[in-house]
Amino acid sequence: PVSGISIGPVHKRDVMQASIMLERKKEYAVILAFDVEVSKEAREMAKELKIKIFTADIIYHLFDQFTAYMEKVKEDRKKETEMDATFPCVLKILPTCIFNKKDPIVLGVEVLAGIARVGSPLCVPTQDFVEIGRIASLEKNHKPVDKAYVGDAVAMKVNSTTALEASRMYGRHFDHSDELVSRISRHSIDLLKELYRDELTKEDWQLV
């Protein structure tokens, strides 16, 4: 989104105009200065208000600077919200791979749909959506992984996040006949659309 275009040096008024975006989407509080001077007063105000000013004599260099900046913003946002961005997944419990029945629950699972991701909260739809905790770790072929995809068989450790979840037990509250699914909130869906749209397939979005 572009809120203004002008010709000539960058002045304080340009910085003031860009600062409007600090209250809306601060990542867009930037000025792209192509082959023009930036006044000392404008630089000082930009530094004070935390407004980014990108300058270049070649338009492609300016574009590259801004693109790299937006990628960094996106990555930083991912790190800030990684515990809230839940990927959709459906997991089948492997009955011969029950390693620990109670907090932490450790099971072998196969990914039937979606993406199993460390940090995802899990529930059991066939047992009134009882919540059992978050995926703490995944191992595939005895090697730790952050994600598991459809068809992958992995060892999964689930840690409780509440006293109620800590009381959940395999064999009492759920068993291998139940599928485990990630619990996705409205906020999580918004984050997936904002930050992970390209990482989800059409089938993943249908699962959401």
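**Helix 1**

Select helix 1, residues 12–19, in this predicted model. Its buried residues are Asp-14, Val-15, Ala-18 and Ser-19. Looking down the axis of helix 1, one finds these buried residues within an arc of 140°, so they line one face of the helix. The spacing follows a general rule: an α-helix has 3.6 residues a turn, so residues three or four places apart point the same way. Now display strand 1 and helix 2 (40–49), against which the buried residues of helix 1 pack.

**Helix 2 and Arg-43**

Remain on helix 2 and select Arg-43, which is placed there. Its relative accessible area is 43%, and Arg-43 is therefore partly exposed. Apart from its neighbours within four places in sequence, Arg-43 is in contact with Val-38 and Thr-55. A distance label drawn from Arg-43 to Lys-12 should read 8.1 Å, C-alpha to C-alpha, for two residues that stand 31 apart in sequence.

**Strand 1 and a nonpolar surface patch**

Next, select Phe-34, which belongs to strand 1 (residues 30–34). Phe-34 has a relative accessibility of 40% and so counts as partly exposed. Add Ile-58, Ile-59 and Tyr-60 to the selection; with Phe-34 they form a nonpolar patch on the surface. Together the four residues have about 420 Å² of accessible area.

**Strands 3, 4, 8 and 9**

Move on to strand 3 (residues 89–100) and strand 4 (residues 105–117), which pair in the antiparallel sense over seven bridges. The two strands form a hairpin, with four residues between them. Within this pairing, Ile-93 has Val-109 of strand 4 as its bridge partner.

Strand 4 also pairs with strand 9, in the antiparallel sense and over six bridges. Select Val-109 again: opposite it, in strand 9, stands Val-154. Strand 4 has a further antiparallel pairing, with strand 8, over three bridges. There, Ile-115 stands opposite Tyr-149 of strand 8.

**Strand 5 and its two partners**

Select strand 5, residues 121–124, and show its side chains. Pro-121 and Cys-123 point one way, Leu-122 and Val-124 point the other way, and all are buried.

Strand 5 pairs with strand 6 in the antiparallel sense over four bridges. They form a hairpin with five residues between them, and Asp-128 in the turn has a positive phi of about 55°. In strand 6, Glu-131 is the bridge partner of Cys-123. Strand 5 also pairs with strand 10, again in the antiparallel sense, over two bridges. The bridge partner of Leu-122 in strand 10 is Ser-182.

**Salt bridges**

Side chains of opposite charge can pair when their charged atoms come close. The model contains four salt bridges, and three stops follow.

Begin with Glu-131, met above as a bridge partner in strand 6. Its side chain forms a salt bridge with Arg-183, with the closest N and O atoms 3.2 Å apart. This pair links distant parts of the chain, 52 residues apart: Glu-131 is in strand 6 (residues 130–140), while Arg-183 is in the loop between strand 10 (179–182) and helix 5 (186–195). Arg-183 counts as partly exposed because its relative accessibility is 34%, and Glu-131 counts as partly exposed at 31%.

Then select Lys-140 and Asp-152, whose side chains meet in a salt bridge at 3.0 Å, N to O. Here too the pair links distant parts of the chain, 12 residues apart, with Lys-140 in strand 6 and Asp-152 in the loop between strand 8 (147–149) and strand 9 (153–159). Lys-140 is partly exposed at 32% relative accessibility, whereas Asp-152, at 14%, counts as buried.

The third stop is Glu-27 with Lys-25, a salt bridge at 3.6 Å, N to O. Glu-27 counts as buried at 16% relative accessibility, whereas Lys-25 is partly exposed at 38%.

**Helix 5**

Finish on helix 5. Select Ser-188, Ile-189, Leu-191, Leu-192 and Leu-195, which are buried in this helix. Around the axis they cover an arc of only 160°, which puts them on the same side of helix 5. To see what they face, display helix 3 (59–81) and helix 6 (202–207), against which the buried residues of helix 5 pack.

Key: Residues are numbered from 1 along each chain as its sequence is written. This is a predicted model: local features need pLDDT of at least 70, side-chain atom pairs count only at pLDDT 80 or more; totals for chains, interfaces and linings use all residues. Side-chain values use heavy atoms; hydrogens and water are left out. Patches are made of residues with over 30% relative accessible area and no salt bridge: like charges are joined within 9 Å, nonpolar side chains (Val, Leu, Ile, Met, Phe, Trp, Tyr) within 5 Å. Accessible areas come from the Shrake-Rupley method with a 1.4 Å probe; for residues, only the protein chains shown count as cover. Buried means under 20% relative accessible area, exposed over 50%, partly exposed in between (1.4 Å probe, protein chains only). The arc is that of the directions from the helix axis to the C-beta atoms. Contact means heavy atoms within 4.5 Å. Two strands pair if DSSP finds at least two bridges between them.
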